[in-house]
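Please read the following report alongside the sequence and the three-dimensional structure. It takes up overall make-up, aromatic contacts, charged contacts and one helix in turn.

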Amino acid sequence: MKTDKKQNQYRINEQIRVREVRIVGDSGAMVVPTKQALDMARQQGVDLVEISPNANPPVCRLIDYSKFLYQQKKRQKEMKAKQVKVEVKEIRFGPQTDEHDYQFKLKHAREFLEEGNKVRAYVFFRGRSILFKEQGEVLLLRFANDLEDCGKVESMPSLEGKKMFLYLAPKKAGVAKKSQQARDREAIETIEKKKSTESEKKTTMGAAAPEAPANGGLLANAKISADALKKLTESNDDEA
C-alpha cells in the first residue's frame, strides 16, 4: 500500500495532459509540447515524469520511473539521517542534594543541551521530605539559572505527585556526535596537513636563503682591500 501511494504522487506519461512541459536534465531545460516530450521518452526508452506540477509549464524529467522513485527514497533517507534526533534526558535530584552531586549533574545537563536534547530535571520527595518542596523549587530555579547560556525554560517548576519538574530546551540546534572513526580520520588529516605545511615552510625558507655574492661577500672585499693597502705601503717604502 505504501509503495502504491508513493507511486501515485507523480503523474507519468499519458497521465500528463497539459499542452506543454518544461523538460530538465543534465544538459539544461527546454519547453516542448507534451506530445513531443512523450515521443522523446519513447525514443530513449524511459518515462516522462512530472516532478513539479504547479510550475508554469509543469516541470518534467525523462527518466525510468522506478529509478526516479529509488532516487527520491534515497534522498529522503539521507535527509532524515542528517536531522538531529531530539531526546528528552532526565536529571534527578533529591531535596537536599549536596554541591558536588549538583555540579556533576549540572555538567551532564549542559552536555545534553549542547547536543540538542531537551532536559527534564526533577526533585523526588521521598516520604516526609515533601515538607521541603520550597527547597526543591529553589534548587530547580538555580539549575535553570546556571544553564541559561545554553538552555531556555519551557515550563517553571511544578509539583506532580511526589516529583517537582522543570523542563529545559536547547537554545541552539544540536550537533550530531561524530563517530570515533570520523574523529580518527580528522585527526590523521590534521597531522598530515601540519606536516605538509611544515615541509612547505622549510622549502620556502631554503629557497629564500641569500646566495653568497660572486666576489665572496663583505669579508672577501675586506681581504682584497687589506692586500691592496699592504702592496701600496710596500711600494711607498721602496720609493723612499
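The sections below move from the whole chain to particular side chains.

## Overall make-up

The model discussed here is predicted, and local features are taken up in it only where pLDDT is at least 70. The protein contains 7 helices and 8 strands, and of its 240 residues 25% count as buried. When contacts between residues at least 6 apart in sequence are considered, 58% of them join residues at least 24 apart. The surface that the protein exposes amounts to about 18000 Å², of which carbon and sulfur atoms supply 53%.

## Aromatic pairs

The count of aromatic pairs comes to 7. One of them is formed by Y10 and F68, whose rings meet edge-to-face with 5.0 Å from centre to centre and 85° between the planes. Because Y10 lies in the loop between α1 (2–7) and β1 (20–25) while F68 belongs to helix α3 (residues 65–82), this pair ties together parts that are 58 residues apart in sequence. Both Y10 and F68 are buried, and together with Y65 the two residues form one aromatic cluster.

A further pair, again edge-to-face, is made by Y102 and F143, with 6.3 Å between the ring centres and an angle of 75° between the planes. Here Y102 is part of helix α4 (residues 99–114) and F143 is part of helix α5 (residues 133–146), so the pair ties together parts that are 41 residues apart in sequence. Y102 and F143 are both buried.

## Charges over rings

The ring of Y102 takes part in another kind of contact, since the charged end of R142 sits over this ring, 4.0 Å from its centre. Y102 is thus a residue that pairs with F143 and that also has the charged end of R142 over its ring. A second arrangement of this kind involves K163, whose charged end sits over the ring of Y122 at 4.9 Å from the ring centre.

## Salt bridges

The structure holds 12 salt bridges. In one of them E14 is joined to R42, with the closest N and O atoms 3.0 Å apart. E14 lies in the loop between α1 and β1, whereas R42 lies in helix α2 (residues 34–44), so this salt bridge ties together parts that are 28 residues apart in sequence. E14 is partly exposed, at a relative accessible area of 49%, and E14, K35, D39 and R42 are linked in a network of salt bridges.

Between E90 and R120 there is another salt bridge, in which the closest N and O atoms are 2.1 Å apart. This pair links distant parts of the chain, with E90 in strand β5 (residues 88–93) and R120 in strand β6 (residues 118–124), 30 residues apart. E90 has a relative accessible area of 40% and is partly exposed, and R120, at 25% relative accessibility, counts as partly exposed too.

Within helix α4, the side chains of D101 and K105 meet in a salt bridge with an N to O distance of 3.3 Å. D101 and K105 are separated by about one helical turn because they stand 4 residues apart in this helix. An α-helix has 3.6 residues a turn, so residues three or four places apart point the same way. Of the two partners, D101 counts as partly exposed at 26% relative accessibility, whereas K105, at 18%, counts as buried; the cut-off that divides them is 20% relative accessible area.

## Helix α2 and its two faces

Which residues of α2 are buried? They are T34, A37, L38, M40 and A41. Seen down the axis of α2, these buried residues fall within an arc of 160°, so they line one face of the helix. The cover over the buried residues of α2 includes β1, β2 (28–33), β3 (47–52) and β4 (59–63).

The face of α2 that is turned away from the buried side carries the exposed residues K35 and Q43. K35 also belongs to the network of salt bridges that links it with E14, D39 and R42. Just after α2, G45 takes a positive phi of about 70°.

Definitions and conventions:
Residues numbered from 1 in each chain as written. Predicted model: local features only at pLDDT ≥ 70, side-chain atom pairs only at ≥ 80, totals over all residues. Heavy atoms only, no water. Phe/Tyr/Trp six-rings, centres within 6.5 Å; stacked < 30°, edge-to-face > 60°. Buried < 20%, exposed > 50% of the residue type's maximum accessible area, 1.4 Å probe, protein only. Lys NZ or Arg CZ within 6 Å of the ring centre and 35° of its normal. Salt bridge = Lys/Arg side-chain N within 4 Å of Asp/Glu carboxyl O. Arc of directions from axis to C-beta. Contact = heavy atoms within 4.5 Å. Areas by Shrake-Rupley, 256 points an atom, 1.4 Å probe, with all protein chains shown as cover.
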